[in-house]
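Please examine the protein shown below, first as a whole chain and then at the level of single residues. The paragraphs that follow lead from its surface to its interior.

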Amino acid sequence: MQGTIDGFSYGAVTPVVAFLMACLGAALGLRCTNRSLRTERSFKAGWLALGATSIGSGIWTMHFIAMLGFSVDGVTIGYDKPITFASLAVAIGMVGVGIFIVGYRGATRMALVTGGTITGLGVATMHYLGMAGMRFEGQFEYDTITVALSVVIAVVAATTALWAAVSVHGFLPSLGASVVMGVAVSGMHYTGMAALSVHVHPGALPDAAAAGAATAPLVPLLIGPGCFLILAAVVVMFDPLMVMGTPDWNDPRTSGAGRPPGIPAQRQVPRFGTHADPASFHSRPRDPAPPGEW
């Protein structure tokens, strides 16, 4: 028999909280990826791994917070833990592949297309693998066209996010990019849920009290990824380069711009070496000497 689905059992609470978690994971991941571009090569992999774990955890947490509001009328829903955590590993792993491609290859067209496709497929795989881990007396069926649309949304969102990670600089622009990513991930989730229909086995309907406790097993599963996102946020907040970016006075392209009026440019002198060693000088030439010194 056809089951009655309610995707918003708690009203707007679960969609809003899920969206915020997607934005948090995206913001942390984008900033960590951007930070990897301004660090030594030995630390690049660490920042990229932190970014991949942040985005993957944010997407996974968003999915299952949204699923707290999902119910089938009169049916108790459980979750298979190995499959549920496998969906988390898939999300982090495939997002990591995409981020490492762009982190080491840069924002080239091939890197963005390849990394975005892998990351988007990882997001979609996480969603449908998480749905496959649900246990109840019945079965899911999906509309193929709507499922394909959800995968396209995931790939486009992932490609856009990777482009923003290496191309968008500054705290506020990155924050805006993370909001766009949050909207896209939430859109992909609810598009996938719109493709869903449920067929319940006859005679398998428990009482309403048991059905109301269906979401209880999800809460402990969310604690670990949620704590990780909080710790990652602490790392971001205590790294000045993550929040403020590289100061202008450390950028040779803008070393002469923004100087307060009345303060002359500093005279360029070698930090080490001799005048016969051109490599010991900065790239900017010395100020011309007064005529009396010739």
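A patch is made of residues with over 30% relative accessible area and no salt bridge, where like charges are joined within 9 Å and nonpolar side chains (Val, Leu, Ile, Met, Phe, Trp, Tyr) within 5 Å. A salt bridge is a side-chain nitrogen of Lys or Arg within 4 Å of a carboxyl oxygen of Asp or Glu. Accessible areas come from the Shrake-Rupley method with a 1.4 Å probe, and for residues only the protein chains shown count as cover. The model is predicted: local features need pLDDT of at least 70, side-chain atom pairs count only at pLDDT 80 or more, and totals for chains, interfaces and linings use all residues. Residues are numbered from 1 along each chain as its sequence is written, and side-chain values use heavy atoms, with hydrogens and water left out.

On the surface, Phe171, Leu172, Leu175, Val179 and Val183 make a nonpolar patch of about 460 Å². Leucine 175 belongs to helix 6, residues 171-194; helices (H or I, at least four residues) and strands (E, at least two) are DSSP runs numbered from the N terminus. Leucine 175 counts as partly exposed because its relative accessibility is 38%; buried means under 20% relative accessible area, exposed over 50%, and partly exposed in between (1.4 Å probe, protein chains only).

The interior may be considered next. A nonpolar core is a set of buried Ala, Val, Leu, Ile, Met, Phe, Trp, Tyr and Cys residues joined through side-chain atoms within 4.5 Å. The largest such core has 54 residues, of which Phe70, Met134 and Phe140 touch the most other members. Helix 2 gives the largest share of this core, ten residues. Apart from its neighbours within four places in sequence, phenylalanine 70 is in contact (heavy atoms within 4.5 Å) with residues including Met134, Phe140 and Leu196.

Leu196 also appears in strand 6, on the covered face with Val198 and Val200, whereas Ser197 and His199 form the uncovered face. In a regular strand, the side chains alternate between the two faces of the sheet. Strand 6 pairs with strand 5 (residues 138-142) in the antiparallel sense over five bridges; two strands pair if DSSP finds at least two bridges between them. Histidine 199 is the bridge partner of glutamine 139.

Finally, alanine 161 is found in helix 5. Alanine 161 is buried because its relative accessible area is 8%. Leaving aside neighbours within four places in sequence, alanine 161 is in contact with Leu30 and Met181.
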